[in-house]
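I opened this notebook to record, entry by entry, what I looked up about helix packing, chain contacts and symmetry.

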There are 4 protein chains.
Amino acid sequence: MDFGISEELASMLAGIRDFVETELYPLEGELLENGFRASIPKLHALRQRVKEEGWWLPHLAADHGGLGLSLAEFGMVSEVLGGSPVGHYVFNCQAPDAGNMEVLLEHATDHQREAFLEPLLAGEIRSCFGMTEPENAGSNPIFLSTRAVLDGDEWVLDGHKWFTSSADGASFCIVMAVTDPDAHKYQRASMIIVPTDTPGFELVRNIPVMGEAGEDYFSHAEIRLTDVRVPKENILGGEGAGFAVAQQRLGPGRIHHCMRWIGICERAFDMMCKRAVTRELSPGKPLGHKQFVQGWIAESRAEIDAARLMVLRVAWLIDQQGDYAARVDVSTIKFFVANVLQRVLDRAIQTHGALGITDDTVLSYWFRHERGARIYDGPDEVHKARLARKILEKYTD
Amino acid sequence: MDFGISEELASMLAGIRDFVETELYPLEGELLENGFRASIPKLHALRQRVKEEGWWLPHLAADHGGLGLSLAEFGMVSEVLGGSPVGHYVFNCQAPDAGNMEVLLEHATDHQREAFLEPLLAGEIRSCFGMTEPENAGSNPIFLSTRAVLDGDEWVLDGHKWFTSSADGASFCIVMAVTDPDAHKYQRASMIIVPTDTPGFELVRNIPVMGEAGEDYFSHAEIRLTDVRVPKENILGGEGAGFAVAQQRLGPGRIHHCMRWIGICERAFDMMCKRAVTRELSPGKPLGHKQFVQGWIAESRAEIDAARLMVLRVAWLIDQQGDYAARVDVSTIKFFVANVLQRVLDRAIQTHGALGITDDTVLSYWFRHERGARIYDGPDEVHKARLARKILEKYTD
Amino acid sequence: MDFGISEELASMLAGIRDFVETELYPLEGELLENGFRASIPKLHALRQRVKEEGWWLPHLAADHGGLGLSLAEFGMVSEVLGGSPVGHYVFNCQAPDAGNMEVLLEHATDHQREAFLEPLLAGEIRSCFGMTEPENAGSNPIFLSTRAVLDGDEWVLDGHKWFTSSADGASFCIVMAVTDPDAHKYQRASMIIVPTDTPGFELVRNIPVMGEAGEDYFSHAEIRLTDVRVPKENILGGEGAGFAVAQQRLGPGRIHHCMRWIGICERAFDMMCKRAVTRELSPGKPLGHKQFVQGWIAESRAEIDAARLMVLRVAWLIDQQGDYAARVDVSTIKFFVANVLQRVLDRAIQTHGALGITDDTVLSYWFRHERGARIYDGPDEVHKARLARKILEKYTD
Amino acid sequence: MDFGISEELASMLAGIRDFVETELYPLEGELLENGFRASIPKLHALRQRVKEEGWWLPHLAADHGGLGLSLAEFGMVSEVLGGSPVGHYVFNCQAPDAGNMEVLLEHATDHQREAFLEPLLAGEIRSCFGMTEPENAGSNPIFLSTRAVLDGDEWVLDGHKWFTSSADGASFCIVMAVTDPDAHKYQRASMIIVPTDTPGFELVRNIPVMGEAGEDYFSHAEIRLTDVRVPKENILGGEGAGFAVAQQRLGPGRIHHCMRWIGICERAFDMMCKRAVTRELSPGKPLGHKQFVQGWIAESRAEIDAARLMVLRVAWLIDQQGDYAARVDVSTIKFFVANVLQRVLDRAIQTHGALGITDDTVLSYWFRHERGARIYDGPDEVHKARLARKILEKYTD
């Protein structure tokens, strides 16, 4: 058992941390005030810097142009990037593109690789992933209404999706659709790549979420597919393989999310501590002298440390033994870390008083937009029930 | 001990509830989407309806044009109004006007009565209350930087306020300012009425709070006062009486807030239950069959009931014995109910899944804007410490 | 709505409180150290005092020799008695006798009245109630294994009970037994009175609970019934009426328990406050200056007040409209108050530090023995699920 | 970063686990029923087995007759031993002897080594540690009333201690006493070895804790020292070194405790799961089908895993960099793990229903006796405040 990291990794993390703090934190004000699109030029200049530093695509293997890190190592990078709402974007490892890249790397045909994957890796385009449907409980993914029917050489898609994150501005969408309603429940669906300029692919709206519809990368779309036709070869991973492929996306995806949340936690924690030593209740009596505040700091420190160790252990397990070995553990960290995140943000806000609920700090942005952390990718309750059932199975064998 | 209410009151509450559900709930979509100002014409028409029904100014005595309810009875009205974000506004008992009315009724000179109170009671104007300052911890109100100096027949005010709620569109502001820095700490400040069109009274911005700056009644302003001159007679309640008068505002004000929060809780609870019986996880299996959801419903029911009884008892105590007798109890209900509110909203959102974090329901609005409930009017921690110290005093006498 | 009480009641409560504090608190040391039996002579002398004061049987109607209080009024008495582990006993309104008295008053034949009820009312004997069985989940009472078969003029009982509280020293047991296994599930069982000296009625052991088996009134027995024969007329309330009669026992019974728990809470709260002002962390710095302790005091104060109002409202509802109207509300208060109790005791112990876990105070006794409060009479989970289902029923009608 | 362990360690842990489950679990019934002393012969036979297996003194270096494990490795052993209330005892690594051994190994003179340490290592005697005093808040150890005055060649001790764990049956006590009241606050106290048969060393009582006074190793004594005389050379670690030496004891001691608690958690978790699959609410419907129970299992799994990683990381840090580097982290794990322990035990009891509060399982023993975990070795609040202050120091430098 060794909780240390190599000097090389430590040095890279320090470099990235410095870059994030120096270059990305100062962008927050304008990002939150003017929206994502206005900042794109600056962000692309920063992406160039990241490429020059050799940090581009930190989640991918070296032979795909990435940094060749283990999942645990990338997790530590992801934590640092999580300190900024655009950290992952600037390093081109943002959701949902990161997951789409992984799926394409594994399953893309030569054509798909050239048309979709390569520009994605280069950061020339963005993509999205169309899974969730408003009419069906996301917690039970086998209930999908979107259909894809083969008509000659084309798939014809009809359906209704929402929470298709970052669809606004994306070039293509990987759509989960039922291709064989009569198959076994886990073999009904397939993934089909749909360019977003295909006729019938309609971005109904960016859904207003917690007070803002957002735009571009900072958005979640409602999508309607009406008689959308794409070439037969746009299927990804084979007919009926939709769930199997989606499953692969999940393990590393949850590590990414969880480590990003821990990055948010650390940032909020840092802000809470700074506030505690600078805000005075009366001259010479900073907030941090109060035990209530001390309690929040201590509990947050403990919970964040616990969360990080939990996630890194699961990342290490995936590195050692693959996704399947860790399929239950990813449920555990999903709900555990999402709840730590909510508590830490809540305490950081309370420490800031009235300032905490304004948009003058980034805390309110996260408080609002990460409330979803306990819902998306499966609500806490689904993960808890799943974990418990898996544990109890061992007792009934 | 009698937990019942008169048939007359029950009948009025039923009438108001019906009005709120029928007339106000349907306005929510456009209010949240288009902002407050666009809805003003509709709201004023509804105010007319309220006057016709005889429900105008439900918080005031009959001889001031109000309903002549006890504080406990008004509390029950306030709960019903709280189900809509504009309930109190439509009945002209919204904060901060309600508190300003009470202060003016008690302390206004004839001139002040005519110039400020009467149009307020008539619903022709709105007002605001300038107390909190960004540079000073609100939890310790004796630290105020705003100064008012008498220069001949005029008060000259200089200072910086924020979270001056609903200042945008208000006709006047009751400003808390230090008039005698050398007096005893509770006698330094006075309340001065400042018309918002006075030169030097600058509305710097509507502070973006949890993602929206809002506008008009739905806003919290940052205010700068620079060499603002108002007539000497604009002082309210006498020099040095600022804290004493503010204190009077607080008791009933907290009852209003707490009952409004309970109204929000009941609305969220109702939405949670409706979701539980209509959202199906699989055909014929509604969400409400799940124990996790049952747990939220049961705990919310218990906590809301407890919160209501707590507040009504304190309202009754004020009715019987006055503010002073209940000065500790208003601290108790402040933190107790604000926390029930946050938990109930959180559970209602979780029950709604992805829909819960969208602005397609009113839950997200409250989740964001009522996060402040644990901060404004004194954060939880100040109220808890105060309550405990008062209790322990009795043990050391 | 009126949260006040009559001067007469206030005066009686003050008298009882004084008696409990002066006479019963000082007995705690020896009770906890030497067991219940050694104190019986003193307790019986105190019972005599209670009779002389006119406080005997405070839960019963005046025509049954009681005080003729409403349930809400008795609730307030029960709270005061709850401050001592023997308060209810000394006033002869202790569980399970109080419930047995109520059932007998309602259903006893003349013979039963004379043989069982009258000595119970006089305080000459004690009784017990045999319901729970180790082999069957108590949360689903329709599963009972104990059988009673009519053989001529006698019921022949066979079965296995546990948590038959206070069976040690009791003169008779009201046994819940299946008399018709083929009846509708709620009509299978009957209540049968079994004198504890009947052959085959075996007190297997006083179950060691949280470290002590206890004795007499302070005990919970395991009982085995083997071919136990009692006269046919010992049936109580009619064949198949077991559940219906048990149900009647529950409503008032839960009020009694809940108010007793609140009495424990107030006692623990008082001890916590006394400790906070007397224990010094360093000279002149009492524990109560610490915000952590202030937080516990404030939260406990709020929760206890809430709990009391909740219970009194339900008691009032039963007084006004009967048990059936309050059948859901008794579930609500059961889990709500039991959890407040556990939290308050936990905080009181933590405030006492090492002393808190010793038996030098009564806190450890309650911490141990009231852990069961969240389990007996239906665990929290059963009450929450039941409450939620009842609420949701209204949404599906 | 490597979360794996060597095959050698895994194999030893499996062996020890098997031994603990097979040999120690079955002793619980009689231990809890008959007390510790009655089981000593059996326990000593088992100690012999442990020596034969080569597992004796698992916490010590090989050259002191121990297993030569790192602290992290011993932590894993300690977890396994924690599954039984006598696990550590049988392996001779029980508190407070383990800490006393470490202190003696570091500081003992030749005489002390021979007279006290060697028989301790051999398991021939037991010892205790007299620090806490009833009159002084343990959370602020500089306030000690026990005095030791040099009189010729002898220390003369006078004082009053309590919670001197396992003093009953111990051969000597390491007593913390003030030797120079005028020194700097951290240099006032010294450790002095006092054989328990020294005149004036009086074991006043085994303190009844949570319902039992216990005996021998299972006890906490109140001690009075009256004119107790021991040779001058019985001082341990030098005059005024009491706190410095005590501090050394703490780091590893907290690892031991925390890992023992995790062992208890795992045992309780295992019992909870077994109960969940075997207890039926109705035929074919085990408790584990209920989401409430699933929630407890999932949350417990997450929290125990988090706790273990937290502690092992701190153990590893001490192994790598020594106690001082980890002095803040040991505060973190102390309160974090103690609270996980309390929650897991509480859930395990609730899952067992009425059985859970009986002494028919070991759960009630731990629920009672580990309530102290949040108090001894510094209450949660002291550790939280300390951690927060240390963190905030870095922000004010």
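Entry 1, two helices of one chain. In this predicted model, I looked up how helix α4 (residues 71–82) of chain B packs with helix α8 (residues 242–278) of chain B, and I noted an angle of about 40 degrees with the axes 7 Å apart. Angles from 65 to 115 degrees would count as roughly perpendicular and those under 35 as roughly parallel, and α4(B) and α8(B) are therefore oblique to each other. I also noted that the crossing of α4(B) and α8(B) is right-handed.

Entry 2, the residues that meet. On the α4(B) side I listed Leu71(B), Gly75(B) and Ser78(B) among others, and on the α8(B) side the residues met include Pro252(B), Ile255(B), His256(B) and Trp261(B). Sorted by class, this contact of α4(B) with α8(B) holds nine nonpolar, five polar and three charged residues.

Entry 3, chain A against chain D. I found that the contact takes 37 residues from chain A and 37 residues from chain D. On the side of chain A that touches chain D, at least two residues each come from α8 (242–278), α9 (291–321), α10 (329–352) and α13 (380–396) of chain A, and α9(A) gives the most, with 15 residues. By class, I wrote down 22 nonpolar, seven polar and eight charged residues for that side of chain A.

Entry 4, chains B and C. What turn lays chain C on chain B? I noted a turn of 180 degrees with a shift of 0.0 Å along the axis, at an RMSD of 0.0 Å, which is the relation of a two-fold axis. The same surface serves both copies, since 100% of the contact residues of chain C recur in chain B.

Key: Residues are numbered from 1 along each chain as its sequence is written. Chains are lettered from A and ligands numbered from 1 in the order in which they are written. This is a predicted model: local features need pLDDT of at least 70, side-chain atom pairs count only at pLDDT 80 or more; totals for chains, interfaces and linings use all residues. Copies are superposed by least squares on the C-alpha atoms of residues with pLDDT of at least 70 in both. Two residues are in contact if their C-beta atoms, placed from the backbone, lie within 7 Å. Axes are lines fitted to C-alpha atoms, for helices over the stretch in contact, and angles run from 0 to 180 degrees between N-to-C directions. Helices (H or I, at least four residues) and strands (E, at least two) are DSSP runs, numbered from the N terminus. Angles under 35 degrees count as roughly parallel, over 145 as roughly antiparallel, 65 to 115 as roughly perpendicular and the rest as oblique. A crossing is left-handed if the near helix is turned anticlockwise from the far one by less than a right angle, and right-handed if clockwise. Ala, Val, Leu, Ile, Met, Phe, Trp, Tyr, Cys and Pro count as nonpolar, Asp, Glu, Lys and Arg as charged, and the others, Gly among them, as polar.
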